Amino acid sequence: MRRHATWIASLALILLLPVRVALSSASHEAFVVIVHPQNPATAIDRTVLRAAYLKEGVRWSDGSIVVPISLAERFPAHTGFVQHVLNKSVGALRNYWYQRIFSGTGVPPTEAATPDEALARVLADRHAVTYLPADANRGRAKVINVR
Amino acid sequence: MKRLLQTAVLLCWVATNASAQSAPQEPTGDAATAIDPSEAAPPPEPANVSDSAPVAESAPTATTPPAPATSSVAAEPSDAPTPTSTAETSWTETFAQKLQVHGFVSEGGFLSTANQYIGASSRGSLKFHEVGINLSVELTEQLRVGVQFVSRNVGTLSEDGPRLDWGLVDYRFARWLGLRAGRIKMPLGLYNEYVDIDAGRTAILLPQSMYPVRNRDALIAHTGFAAYGIVPVGLGEIEYQAWLGTLTIPRSALVLSGGSLDSVDTKYVTGAQIFWRPPIEGLRIGATYMRASIDFNITLDSTVVDQLVMAGLVDPAFDGGLVISQRPTGFWVASAEYIYDDWMFSAEYSRWLKHQQSTLPAILATFDEDSERFYVMVTHRFSSVFELATYYSVLHADADDRTGRGADFDPKFRAFQRDLALSARFDVNPYWLWKIEGHLIDGTADLDATRNPDPQRTWGLFLIRTTVTF
């Protein structure tokens with residue numbers, strides 16, 4: 001009986017381990033979406049944000065085009081944003097932009113090398129939107145909800 | 001010399017991407033609404049994007065709305081990055097930030113168990129080399145210009161040197177309308193615009209019934225105008241493209257014996273593509289139609305002219321001039337693609353139609369051609385470094401004679417080509433990949449008959465390729 005319990009406990013541990021690892025890594029991928037402090041938006045549809053980051057000419061309520069700013073691939077927040085908002089893996093997104101770049105049908109959003117650079121660009125452009133690691137410095141930027 | 005050029009390009013790219021960093025702002029400790037992907041994602045909502053309606057919810061405050069797309073930085077001097085010394089420097093830095101330089105270098109090889117596919121494949125060939133470089137810059141959020149040059153050495157489809165692959169001006173008036181002018185890739189089916197982009201797919205060769213390598217140069221792009229856009233509909237969105245222009249057809253597009261091709265005159269090429277993107281994320285269903293009119297101006301060899309005169313088929317004063325007209329030539333394609341997680345499923349069905357006539361009907365009779373082409377393909381990404389793809393692709397040279405029972409096909413298996421393919425892709429890093437691919441093929445409908453006078457019905461084709469993309 002004890003041997004069975006040991007096997008069951010071991011099996012449960014093995015099965016739960018990936019879940020724990022996944023939760024652990026996912027928590028580092030948390031992000032916030034920010035805009036310029038004078039941007040009146042308080043929330044944005046996920047589908048609209050997705051269209052903005054795929055450079056489909058999405059506009060703010062005043063008619064100006066949303067200027068998306070990406071974070072470098074090495075940041076887990078980028079992975080989280082791409083999976084949660086764009087519904088793609090990082091590799092699939094890279095392939096998507098390779099297709100557009102080399103077919104002449106589009107170019108990817110401007111990429112910020114660091115969260116601080118992304119923040120600075122948003123603070124310098126009232127039409128810009130970006131995402132930061134949840135625990136990153138947000139300065140005077142406004143956090144908006146993604147519906 | 002090529003290596004020096006590539007190094008220079010890489011340095012240019014590094015320089016343009018090494019933009020100056022501005023000072024970070026001080027934290028203010030405002031409440032965070034962090035999104036954690038470990039939480040359940042909200043259900044997809046239908047897009048409510050339009051160009052006239054607001055897309056982001058306005059706060060119930062009296063704050064100033066974002067200004068139009070002019071001098072937004074100047075409107076917020078306190079938030080602006082470190083000021084630059086002169087306006088000219090600022091413009092230069094802005095331009096450098098917006099300029100994107102990308103390129104690829106690809107090398108590979110292919111070997112067939114029988115028959116000559118694209119070159120001397122039966123004894124193996126390493127003539128599978130492509131280099132491309134492009135520059136794009138978004139001058140404004142709506143205006144983009146770009147150019148790409150490609151050099152290609154693929155079997156018998158080799159080129160003398162780099163050529164303009166595309167070069168265009170793109171202005172997006174609104175989400176539902178953009179215009180392009182210049183040399184523009186043609187959107188035929190799901191993947192024709194991306195047929196050169198090795199890094200953008202899993203397979204080395206896309207299904208050859210729909211995207212034949214031999215037709216690539218003729219069908220890849222047109223010179224003229226195109227309109228495109230995305231229009232919300234009641235259930236999802238409609239994505240469209242329409243174009244009008246002329247084709248640039250290489251001399252190798254027409255296989256000739258007993259004459260030489262003087263010029264190819266494309267009267268026009270026009271077409272339209274429409275895709276419905278329903279509110280099922282990853283699904284798109286659509287159709288493409290293309291129509292063109294092409295004249296091939298040929299001069300027959302003097303010996304051929306003499307033979308025709310002796311046979312009484314032409315007037316003794318005949319100067320050897322011959323015009324072959326494909327009018328109209330074109331096709332339609334029905335397409336479907338579904339991307340779910342790391343899976344991608346796609347299928348297409350097409351009919352290619354051609355009416356050909358000549359100024360010498362006695363030796364080149366008028367005929368109509370209706371070929372049938374379709375495939376199904378499945379791709380799966382197992383990890384960030386490994387993908388597999390498989391497809392089954394079928395070409396019937398005559399949709400009314402799929403098995404070659406008529407007199408037009410000798411041997412009969414020239415009437416069809418059925419191709420079962422398996423591809424593997426390994427990404428060494430985000431910039432460098434390797435691929436291997438195997439094909440089991442029944443039939444020879446897509447082979448050049450002049451290079452395969454005694455074809456084998458069942459044959460295999462194996463390819464390997466490595467590509468660096470930046």
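A residue is taken as buried when its relative accessible area is under 20%. On that criterion, 45% of the 470 residues of chain B are buried in this predicted model. Chain B is built from 17 strands plus four helices. Its accessible surface adds up to about 22800 Å², and carbon and sulfur atoms supply 63% of that. Looking at contacts in chain B between residues at least 6 apart in sequence, 64% turn out to link residues at least 24 apart.

Confidence comes next, starting with chain A. The mean pLDDT of chain A is 85, with 81% of the residues at 70 or above. The stretch to treat with care is residues 13-27 of chain A, where pLDDT stays under 50 and the model shows five contacts beyond four places in sequence. Coordinates predicted with low pLDDT should not be read in detail.

Back in chain B, strand β17 (residues 458-469) has two antiparallel pairings to look at. One is with strand β16 (residues 432-443), over eleven bridges; here Leu440(B) sits opposite Gly460(B) of β17(B). The other is with strand β2 (residues 99-112), over nine bridges, and in this pairing Ser106(B) has Thr467(B) as its bridge partner.

As for side-chain packing, the largest nonpolar core takes in 111 residues. The members touching the most other members come from both chains: Val33(A), Leu49(A) and Phe81(A) on one side, Tyr191(B) and Met290(B) on the other. Such clustering fits a familiar trend, since nonpolar side chains tend to be buried together in soluble globular proteins. Tyr191(B) has a mixed set of neighbours, though. Leaving aside residues up to four places away in sequence, Tyr191(B) touches Leu206(B), Tyr211(B), Met344(B), Tyr375(B) and Met377(B), but also Arg284(B), Glu337(B), Ser346(B) and Glu348(B).

What about a charged side chain that ends up inside? Arg144(B), in strand β4 (residues 143-154) of chain B, has a relative accessibility of 6% and therefore counts as buried. Its side chain makes a polar contact of 2.7 Å with the side chain of Asp170(B). The Arg144(B) side chain also reaches across to chain A, coming to 3.0 Å from the backbone oxygen of Gly104(A). Beyond four places in sequence, the residues touched by Arg144(B) include Gly104(A), Thr105(A), Gly106(A) and Val107(A) from chain A. Among those touched in chain B are Ser136(B), Val137(B), Glu138(B), Leu168(B), Val169(B) and Arg180(B).

The backbone has a few oddities of its own. Two residues other than glycine have positive phi: Asn87(A), at about 60°, and Asn115(B), near 65°. Both are in loops, Asn87(A) between α3 (76-84) and α4 (90-103) of chain A, and Asn115(B) between β2 and β3 (128-138) of chain B. Their surroundings are another matter: Asn87(A) counts as partly exposed because its relative accessibility is 46%, whereas Asn115(B), at 7%, counts as buried.

Chain B also contains cis peptide bonds leading into proline. The bond from Arg327(B) to Pro328(B) is cis, with omega near 0°, and Pro328(B) belongs to strand β11 (residues 321-340). Another cis bond connects Asp410(B) to Pro411(B), again with omega about 0°. Pro411(B) lies in the loop running between β14 (386-396) and β15 (416-429).

Methods:
Residues numbered from 1 in each chain as written. Chains lettered and ligands numbered in written order. Predicted model: local features only at pLDDT ≥ 70, side-chain atom pairs only at ≥ 80, totals over all residues. Heavy atoms only, no water. Pairing = 2+ DSSP bridges. Buried < 20%, exposed > 50% of the residue type's maximum accessible area, 1.4 Å probe, protein only. Contact = heavy atoms within 4.5 Å. Areas by Shrake-Rupley, 256 points an atom, 1.4 Å probe, with all protein chains shown as cover. pLDDT = per-residue confidence, 0-100. Core = buried A, V, L, I, M, F, W, Y, C linked by side-chain atoms within 4.5 Å. Polar contact = N/O pair within 3.5 Å; in protein donor to acceptor, adjacent residues only side chain to side chain.
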